[in-house]
Amino acid sequence: RSSPKRYNGMDPPLSLTRPTMFDLQKTAELEKFLVEAGLYESEEQSAKREEVLREIDGIVKEWVKQLTSQKGYSEQMIEKANVVLFTFGSYRLGVHGPGADIDILCVGPSYVNREEDFFVTLHGILTQLEEVTELQPVPDAHVPLMKFKFHGMAIDLLYASVSLAVIPPDFNISEGSVLCGVDESTVRSLNGCRVADQILRLVPNVENFRTTLRCLKYWAERRGVYSNVTGFLGGVNWAILVALICQLYPNAVPSMLVSRFFRVFTQWQWPNPVMLCAIENDDLGFSVWDPRKNPRDRSHVMPIITPGYPCMNSSYNVSSSTLRVIKEQFKLGNKICQEIDLNKASWTALFEPFNFFEAYTKYLVVDIVADNDDDLRLWKGWVESRLRQLTLKIERDTNGMLQCHPYPCDYSNPTLQCAHCSFYMGLSRKEGMKIHGQNFDIRGTVDEFMHEIGMYTLWKSGMDLAVTHVRKKQIPYYVFEQGYKKPCPPMHANQQEQSDRHDTEDDTLTASMLGQLKRKRDFDGAGHSESCKSVKRSSVSLAYEESPPEYGSIVSKVVSENTVNLVSSALCNGVQNGLSHGDVNLESANCSSSPHGSEESAASGTSCAAVETVHMVVETVGPESSMACVINGTVQTMAVHTPLKCVAEKDEPKFEGIGSLANSNSAEFMEQTEMLTGNVLGENMHLCE
């Protein structure tokens, strides 16, 4: 392996220790595992990506020449008219896998604008191309873009207009002068490429960085913490975190870097920021991340700062609830890596999928329906982008006592023939709070969320959603990886008695709902199958029996009559009747009017939020690290003590050098941490009970 480049980080490395034969062996095993997991694309797939980029480059170059001619420029200007394409994201960092999308930035001249020329003219050109499918413009996004598939390959296309009449073929996007005279949206569009280039310049060994990042991204996907839109961490966040570990251990190989990644971030004291270099200030006037000057930056609970000007917090979507989940996964990863270092476990153990549907006793389900797949893609994208707000609102309205774990995957019932999907959110009471019989009434919170969802400007008839509350035993079979639920571990006698009581109550609820559905079917007429038509107000997550065949037959019978509307109607009726549901008291839910207006405005029916007062039973509690909770739009730190992991030192006398904005000398920050724990971080780490 090539020797590391000159160190360019905030602080000196923590260790210059070189790998042993054991480390090299573990790295070879890790790389073999990543190859067998299918994380590398073939040469044929790589060639297809390059061909797609060439074709898109030709299309946008022809587009800008047409615009130059239409705007009345001279023949000489038309001849020189040019745009330059830059990739960013995983493809530019060199960590993309098979099926990954390509993030493309199109840099054009000053007279070609984004609002009309890009989102109207170029959009019209793309709609006429047979190779372009699933075209979806997103002009109101934080970073405006067009999403589409080109020859079946997913593309995210951005546009940035810079202050140049002619874009040279060798245009250098990393120069600071490209930011002159541009707006905030353009800066955010340009920053994707600029940040990727800066990260690659700041890591000591690019190949070791890429292997480690590929590994950690795969781990995050398997553990359900890879999703920026849901409130977890996205690609650039993981890249910056891995780059910091590469800076702290410049001579380490990937197996060592993965182990030290979990070791460092298990003990990281958030909200101390992660930074690869010092924050730069410039005379261009763009805002940079600085909680001392910007009150909004003080609410960030897990700041991960992008390198280069203007420095921004790339993880502003992270909330208190999602930070809790991320920290828990870091601890589990650290424990497994310790066992791998002791040769007591293999790499397979690190990448075991997270059993989300076994982790909680109660869930919120957001069911989404539309008339067709194209409408569902638009509607789902809008709802998914707002799910983070539902998490924040629940934190706000319960003073952080009720925590949400939004899962970044969507699920659909394979037995339904209509366009639909569902998102799940695990619910749990904040650990360390021993409040017996605590009730959380989140009906108003859900109503507020649904009202905001109803503000969607591209809403069409048939687009709808329902938010419902379900228990773990009501989770449908198709969400599980193997298509069925795993057997539950044996319970003690008192647990079995409580479970039997809940089963009886849940069976009563299920029987009542199914009876209502049967009466509805008898009233509507014969139950012959029909194709799914307009889907009104719906929920596809009714509490059916756990047996897959019975579940499928029930759903198919219900949906064949009046799509999913009957299910939503049954849920609303069941809630309004005040049926008992385990340890959750189902009170009258609020079935509000459609947020889109009356029947005259193409909306029909009522929107049912089948969410009740959530009664959380006492659960096992334990110490947890300091955690921020959103209270009335502000972030307050709750003092909850945590014993940090004990660590054993082999080579370094102390843990120092982690970047912190609060302490310009990062060594002081980590030394204070050591004084609190009475331990130091070394090359090998062992849990002390």
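Colleague: Leaving aside neighbours within four places in sequence, which residues is Phe209 in contact with?
Modeller: This is a predicted model, in which local features need pLDDT of at least 70, side-chain atom pairs count only at pLDDT 80 or more, and totals for chains, interfaces and linings use all residues. Residues are numbered from 1 along each chain as its sequence is written, and side-chain values use heavy atoms, with hydrogens and water left out. Contact means heavy atoms within 4.5 Å. With its neighbours within four places set aside, Phe209 touches Leu93, Ile199, Leu200, Val203, Ala239, Val242, Ala243 and Cys246.

Colleague: Which helix gives the most to the largest nonpolar core?
Modeller: A nonpolar core is a set of buried Ala, Val, Leu, Ile, Met, Phe, Trp, Tyr and Cys residues joined through side-chain atoms within 4.5 Å; buried means under 20% relative accessible area, exposed over 50%, partly exposed in between (1.4 Å probe, protein chains only). The largest one has 77 residues, and Phe209, Trp219, Trp238, Phe261 and Phe265 have the most contacts inside it. Helices (H or I, at least four residues) and strands (E, at least two) are DSSP runs, numbered from the N terminus. With 10 residues, spanning positions 235-248 of the chain, the top contributor to this core is helix H8.

Colleague: How many residues are in the other core, the one with Val64 and Met77?
Modeller: That core lies apart from the largest one, and Ala81 and Val132 are also among its members. Its residue count is 31.

Colleague: In which strand does Lys147 find Asp156 as its bridge partner?
Modeller: Lys147 belongs to S4, where Gln136 stands opposite it. Two strands pair if DSSP finds at least two bridges between them. S4 is joined by five bridges, in the antiparallel sense, to a strand of residues 153-161. Asp156, the partner of Lys147, is in S5.

Colleague: Which residue takes a positive phi in the hairpin of S4 and S5?
Modeller: S3 and S4 form a hairpin with six residues between them. The hairpin of S4 and S5 has two residues between the strands. The positive phi there, near 55°, is that of His151.

Colleague: What are the edge strands of the open sheet of five strands?
Modeller: The order is S1-S2-S5-S4-S3, with mixed pairing. An edge strand here pairs on one side only. The edge strands are S1 (84-88) and S3.

Colleague: What percentage of the 689 residues in the protein is buried?
Modeller: The protein has 18 helices and 17 strands. Buried residues make up 52%.
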